[in-house]
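Biologist: Could we go through the voids, helix contacts and backbone geometry of a structure together, with each term explained as we reach it?

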Amino acid sequence: MTVTPPPVHVPRPYERPHANLACRVDVPCEDGAVVAAFVYAPHGVRDQPGTPFGIDPHVPPVLMLHGNGEEHGIFGPTIDAVTTTGRSVVAIDSRAQGESTRGHAPLSYELMAADTREVMMRLGVWQCHVLGFSDGAILGLLLARDWTPHVLTLTSVGANLTPQGLSEEDQRWMEEAAAANATWAAHGHEGAFDADGNAVPSPAQAGRIAELLQLMVEQPQIEAASLARISCPVTVMVGELDCILPEETERIAAAIPGARTYVVPGCGHTLPKEAPDEVSRQLLATIGMGDVRHAARYAEPPEDVVVCPVGSECADALDRMYVHVTDQPGTSGWSEGIWPPVGLVRELLAAGKGLAAFDASDVEKGVPRPDALPLGAVFVDHDADMGDGWLPGHGRGTGGADWEPLPEREAACYHLFAVDPAARGRHVSSALLAAAAGRARELGARVVRINTSPANVEANDLYAREGFAQHRPIWMPYPGLDLPGWTNLWEKDL
């Protein structure tokens, strides 16, 4: 059987990043795929405690997502531009592309968006700015829509909501190229060249290309109305001569509240290659519209909040407070009856480990009135063992805590740290942390440690502001909770 080789795509050359590559992290996914992430850091920033993987927790990084059949290096000049501003970049090779493997799950943009979230949780990043190009721009829309608390800004370059958002010529080319590569995968041979002397993909390579092209033929299928859920600042970029139809770009921008559109004159679809300086300028401008910094500061405990040691007499009131927390979990993921586990609060109170915050008017001579309502609580002891990362799951065996091994008496740990939603805004957390540090010193500790999910925006913000040092996350899933299996580790010297 004579088979015509598929069209050979010869990509336009591009400049790879020159910035400091702090580390590469291979992130395991549930279906067996391994997604490669590359962290580029500002000069002098290294992968070490305090800046795990080369990411400063006080400066949210930029997440960069490339287009179909590419790899992260397409963003080279923009990676360099961002790192010179003092901000790290997390650049991902999407599954089945670049250095990432395929896995077994059916390929979809939703799957690759889930991969991206898994990468960020593995890195311990709870908020980021997003730059996506083409397929990566589609992922950016999905992330900003479905992962809203974690996306600070989105710069979307060349996105479409459906395959019909592209010109008919490009749709036809994708269909024909996908079919030709599928045929070559089934019946082709190694070592072929086209008429111009370009090497034809091997059958195995053609199979991968066919699947990626077919993805664009059939997907995405995003309802424009669903983009109304996006709440962060958004810039929708496109080239004047782009294969994305102008009405598709207008449809995207109109669906996102407050989005702005930027058209690059005289350019086509591949803006990261054709106009990298313009992409960098628009990205940095968009970041400026939604930037968040978590500068460490000393917060004076509020005068109207008093923290007291509490015992079993406070069990019922604290049980009710934790129900309030689980009723309004925010991004903590806590769920009544699962976390905190039934009976754990009473067990810790009976062991004399509890501290609770109260309104100052409800405390007399350091003792809360019997009917006083706790505003928040924390438990302090020496049980700082976070495990070794070998719990079951796809992250098993990726490493334990990287902090200094210490005798048990020298490290204290905080447990079930929470503030009643009704008391938020009163700096109850600062009062609790100050009192907990005092209790830890009384126990003879020289450091305090705590863990929290990377998905918990409020808690991670707090620990960064309160001067805790972030360490690499470890695999520590909480069964029954709708949370990633990774947990962030924080430590503070006393």
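The dialogue below takes up pockets, cavities, helix packing and backbone geometry in turn.

Biologist: What kind of model is this, and how are its residues numbered?

Modeller: This is a predicted model, in which local features need pLDDT of at least 70 and side-chain atom pairs count only at pLDDT 80 or more, whereas totals for chains, interfaces and linings use all residues. Residues are numbered from 1 along each chain as its sequence is written, and side-chain values use heavy atoms, with hydrogens and water left out.

Biologist: How is a pocket defined, and what volume does the largest pocket have?

Modeller: On a 1 Å grid over the protein atoms alone, a pocket is an open set of points with protein on both sides within 12 Å along at least five of seven lines, a cavity is a set where a 1.4 Å probe fits but cannot get out, and lining residues have an atom within 4 Å of a point. Grid points are joined across faces, edges and corners, and a volume is the space filled by probe spheres set on the points. Here the largest pocket has a volume of about 1,400 Å³. It is lined by 47 residues, of which His 9, Asn 68, Gly 69, Glu 70 and Leu 213 are the closest to its centre.

Biologist: Which helices supply at least two residues each to that lining, and how does the lining divide by class?

Modeller: Helices and strands are DSSP runs numbered from the N terminus (H or I with at least four residues for helices, E with at least two for strands). Helix H3 (135-146), H4 and H5 each supply at least two residues of the lining of the largest pocket. For the classes, Ala, Val, Leu, Ile, Met, Phe, Trp, Tyr, Cys and Pro count as nonpolar, Asp, Glu, Lys and Arg as charged, and the others, Gly among them, as polar. On that scheme, the lining of the largest pocket has 24 nonpolar, 15 polar and eight charged residues.

Biologist: Which residues are closest to the centre of the second largest pocket?

Modeller: The second largest pocket has a volume of about 1,000 Å³, and of its 46 lining residues the closest to its centre are Trp 334, Phe 417, Asn 456, Ala 459 and Tyr 463. Strand S14 (411-419) is one of the elements that each supply at least two residues, and S14 gives the largest share of this lining, seven residues. By class, the lining divides into 25 nonpolar, twelve polar and nine charged residues.

Biologist: How many cavities of 30 Å³ or more are found?

Modeller: A search of the whole structure finds two. The largest cavity has a volume of about 100 Å³ and is lined by 14 residues, with Ile 55, Pro 57, Pro 61, Val 125 and Trp 126 nearest its centre. The second largest cavity holds about 40 Å³ of space, and its lining consists of Val 35, Ile 92, Ser 94, Arg 95, Met 112, Asp 115 and Thr 116. Helix H2 (residues 109-123) contributes three residues, the largest share of that lining.

Biologist: How should one read a helix packing angle, and at what angle do H4 and H5 pack?

Modeller: Axes are lines fitted to C-alpha atoms, for helices over the stretch in contact, and angles run from 0 to 180 degrees between N-to-C directions. Angles under 35 degrees count as roughly parallel, over 145 as roughly antiparallel, 65 to 115 as roughly perpendicular and the rest as oblique. Helix H4 (residues 168-187) and helix H5 (residues 203-218) pack at an angle of about 150°, with their axes 8 Å apart, which makes H4 roughly antiparallel to H5. The residues of their contact (heavy atoms within 4.5 Å) divide into 14 nonpolar, three polar and one charged.

Biologist: Where does the backbone depart from the usual pattern?

Modeller: Most residues other than glycine have a negative phi, and most peptide bonds are trans. A cis peptide bond joins Gln 219 and Pro 220, with omega about 0°, and Pro 220 lies in the loop between H5 and strand S7 (234-239). The bond from Trp 339 to Pro 340 is also cis, with omega near 0°. Ala 96, a residue other than glycine, has a positive phi near 70°, and Ala 96 is found in the loop between strand S4 (89-93) and H2.
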